[in-house]
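Me: Could you take a close look at one helix for me, and then set it in the context of the whole chain? I would like to know how it is covered and what lies around it.

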Amino acid sequence: MRIDKLLSNRGFGSRKEVKSLLKSGAVQIDGVTVKDSSKHVKVDSETVTVHGEVVEYKEYIYLMLNKPQGVISATDDHLHDTVVDLLEMEDAVFNPFPVGRLDKDTEGLLLLTNDGQLAHQLLSPKKHVPKTYFAIIDGVVNEDDVAAFRLGVTLDDGYETMPAQLHIIGSGLRSEIQVTIEEGKFHQVKRMFEAVGKRVIYLKRIQMGPLPLDETLELGEYRELTDEEVLSLKNFQKG
């Protein structure tokens, strides 16, 4: 990889700014000063430093975000804040994107990565990756609804959903539930409850595939996935 590309990708500025940095003599490869921006570096075996600080290279980044309400699942938008706007520059320079989407008013687990292959596999309809949500429902959720979800319901556009697992946590005029679906249709959970005459008033995704939401993350906070979590996602999508 060219040294200027590496430094630019790691947030040291534009190609022009990186070129000036190199000319200043601040960059070394294995202790040898490098000023040529076209110099190639072996990222797996050579050590790059800037002002004596080691530049860590990684090709992919995997982030777990506890998405708050009010931001949209996109990389850029002229009208609204996006989930990418919540990232620190050191992570944003990897150009991660959200894997799938959560509605603007939906909270919870959102994976961001620049690993296109993994994202494609997790979103592929053929993989039937389960997604679990906690929700508060305006209306009494009962066993008839559980049975209906188990068979699949008909949405407002005539689409027949795949079977879903609905668990009642607490029932009353406002019921608390967990539901697991294996699809990602537009507003699907909300529309499924509308199909049985009820309304979702709060929705939070708590798990995607084998990856549960880290409940220590406050709304708007995120962290990198552990190596074990990344491996579990990759092994899951191969199944």
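Reply: Happy to help. A residue is called buried when its relative accessible area is under 20%, exposed when it is over 50%, and partly exposed in between. Please keep in mind that this is a predicted model.

With that cut-off in hand, let us turn to helix H6. It runs over residues 188-195, and six of its eight residues are buried, so the helix is mostly covered. The buried residues of H6 are Gln188, Val189, Lys190, Arg191, Met192 and Phe193. What covers them includes one helix, H5 (143-151), and the strands E8 (131-138), E9 (165-170), E10 (174-181) and E11 (199-208).

The two ends of the helix are worth a look as well. Ahead of H6, the loop that comes from E10 holds His187. This residue has a positive phi of about 55° although it is not a glycine. His187 counts as partly exposed because its relative accessibility is 28%. After the helix comes Gly197, again with a positive phi, near 80°.

One of the covering strands leads to another histidine of interest. His128 lies in the loop between helix H4 (116-123) and E8. Its phi is positive, about 50°, and it is not a glycine. His128 is partly exposed, with a relative accessible area of 34%.

For contrast, here is helix H2. This helix spans residues 15-23 and includes Leu21. The buried residues of H2 are Val18, Leu21 and Leu22. They lie on the same side of H2, because they cover an arc of only 100° around the axis. Lys16 and Lys23, on the other side of H2, are exposed. The cover over the buried residues of H2 includes helix H1 (3-9) and the strands E1 (27-29) and E3 (48-50). H2 is followed by Gly25, whose phi is positive, near 85°.

Within H2, Leu21 has a relative accessibility of 17%, which is why it counts as buried. Setting aside residues up to four places away in sequence, Leu21 touches Phe12, Ala26, Val27, Val50 and His51. From Leu21 to Glu107 the C-alpha distance is 41 Å, with their positions 86 residues apart in sequence.

Next, a residue in a strand. Thr113 belongs to strand E7 (residues 107-113). Thr113 counts as buried because its relative accessibility is 0%. Its side chain reaches the backbone oxygen of Ile61 at 2.7 Å. Beyond its neighbours within four places in sequence, Thr113 is in contact with Ile61, Tyr62, Pro96, Phe97, Val99 and Ala119.

Finally, let us step back to the whole chain. The protein chain has seven helices and 13 strands. Its radius of gyration is 22 Å, well over the 18 Å that the globule rule gives for 239 residues, so the chain is more spread out than a compact globule. Along its principal axes, the C-alpha trace spans about 70 × 40 × 35 Å. Of the 239 residues, 44% count as buried. Among contacts with a separation of 6 or more, 64% are between residues 24 or more positions apart. The chain exposes about 13000 Å², and carbon and sulfur atoms supply 48% of that area.

Terms used
Residues are numbered from 1 along each chain as its sequence is written. Side-chain values use heavy atoms; hydrogens and water are left out. Helices (H or I, at least four residues) and strands (E, at least two) are DSSP runs, numbered from the N terminus. Buried means under 20% relative accessible area, exposed over 50%, partly exposed in between (1.4 Å probe, protein chains only). Contact means heavy atoms within 4.5 Å. A polar contact is a pair of N or O atoms within 3.5 Å; within protein, one must be able to donate a hydrogen and the other to accept it, and residues adjacent in sequence count only if both atoms are side-chain atoms. The arc is that of the directions from the helix axis to the C-beta atoms. The radius of gyration is taken over C-alpha atoms; the globule rule is 2.2 Å times the number of residues to the power 0.38. Accessible areas come from the Shrake-Rupley method with a 1.4 Å probe; for residues, only the protein chains shown count as cover.
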